[in-house]
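Grab a pencil and work through these exercises with the model open. Try each one before reading its solution.

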Amino acid sequence: MKYSKDGIHWSEGVAQSGPVGDRTTVFYNPFTKKWAMSLRQGAKADGRSRGYLENEDPEMAVSVAHSLTNSSKDKNIVLWFTPSNKELVHPEFPDVRPAIYNFDAMPYKSIMLGFYAMWKGPENDVCAKLGIQKRNEIGMGYSRDGFHFYRPTYEPVMGVNETEGAWNWGNMQSIIGVPLIVGDSLYLYSSGRMKNNIMWDGFTSTGMATLRRDGFVSMQTSGQGSLTTEKIKFDSIYFFVNAEVKGLQVEILDENGKVIPGFSKKECNVMENLNSTCQMVTWASGKELSSLAGRIVKIKFYVTDGDLYAFWISPWKTGENRGYTGGGGPGLNPAGIDMPLK
C-alpha cells in the first residue's frame, strides 16, 4: 500500500499484505467508517467465492490480508458469499457451475451499490484450446450496511456481445469507483475482451454504459395510477421528484392517511410532460414544507402515463439530496456527498 495526493507521485510502501488472489479489491464504507477488502477465495472446484475483511485503519486491513482456502480459519477474514443457485449459466457450457469472479462496492445515496463480475466459464485451458473468451458479465445489487447485499435480478446490466469484432465479446470485469455522475446520467465502466486468434485473453478494452441518474428502477403506469408511500418523517424544506410522465401531482397525508391542508392534490401545481431528474414540487397554497418538520407523513403520487423513479426532500432549492455520490463527477462536491459547492 502506498499513498498519493495526485495519482502520479507515490510514497514508499506503508503496508504489505500476504499473498492474495487476483481480483482482490478494496472499498470504503462510509456508513460503518471502515475499509473493506473483497478477497478472492476458493479454488476453481469451490466456485470462486468471496472473503471479507474490514478495519478502520486501511494500513491494518492491508497488513492482515492474505489468501485462504475454504477450510481456513482466520480471526480477521470471514467467508462473505458464494455463488447463488440462481446464477445464470453459459448457454454453450450449461454444465459449468457459475461463480463470482470479482465483487466491488461503492456508496451511492443511502446505500452501497454492489458490482458483480459473474463468471460462467469455461475454464482458461478450455478457452485457450477453443480460441474463445471466458464469459464474465457485470451484475448489480445493493446493501444497507455494506455486508449483506440483495440482488433483485441475476441478469447482467453490462453483458457480453458475441457479434464478430465486438470489444466485449467476453471476459468483462467490474471496475471500482463507479458510478460517476455526469449531468443527468450515470456512467458505468467495465473492461472487456475481443475474440481473436492471437491470445485468448488479449485485446482488452474499457467500455462505458450510461443510465438515467437514479434510473435503476421505476414505478410505472399506463394511464392513470397512484402510489402511497410508507410512513416517513420530514426534516427539510423542498420536495423533489425524478420522473418521466405525462402528468404528475403530489399529495401529503398525515400518518392516518388524511390530507394535510395546503398539500392536497388539488392544490399541487400540475407537472405536465415532465422529464426531469430533479424537479421541484410546489403547491398553490404557498404553504411551506418546513411546517411539517418532525411530523410523520405519507406521500401520495398521482401519475399519468410514465415512470416515477425517485423523490427526496432537500434543504436547498437546487435539489442536492445529501446522499453519497459514488465515484463523483464534474461539478459535484469533492467531499463525496451531494451538497452545494461552497
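**Exercise 1.** How many bridges join strand β13 to strand β17, and which way do the two run?

This is a predicted model, where local features need pLDDT of at least 70 and side-chain atom pairs count only at pLDDT 80 or more, while totals for chains, interfaces and linings use all residues. Residues are numbered from 1 along each chain as its sequence is written, and side-chain values use heavy atoms, with hydrogens and water left out.

Step 1: find β13 at residues 219–228 and β17 at residues 296–314 (strands are DSSP runs of E, at least two residues, numbered from the N terminus). Step 2: eight bridges link them, antiparallel; DSSP pairing takes at least two bridges. Step 3: check Q224, which sits opposite T304 of β17.

**Exercise 2.** Work out how β14 and β15 pair with β17.

Step 1: β14 (residues 232–233) pairs antiparallel with β17 over two bridges, and I232 has V297 as its bridge partner. Step 2: β15 (residues 238–254) pairs with β17 over 16 bridges, again antiparallel. Step 3: here Y238 partners S314.

**Exercise 3.** Which element gives the most to the largest nonpolar core?

Step 1: a nonpolar core is a set of buried (under 20% relative accessible area, 1.4 Å probe, protein chains only) Ala, Val, Leu, Ile, Met, Phe, Trp, Tyr and Cys residues joined through side-chain atoms within 4.5 Å. Step 2: the largest has 23 residues, and those touching the most other members include F234, W283 and I252. Step 3: β15, β16 (271–281) and β17 each give two or more residues, and β15 gives the most, seven. Step 4: another core lies apart, with 18 residues, among them I138 and M158.

Conventions. Helix = DSSP H or I, 4+ residues; strand = E, 2+ residues; numbered from the N terminus. Buried < 20%, exposed > 50% of the residue type's maximum accessible area, 1.4 Å probe, protein only.
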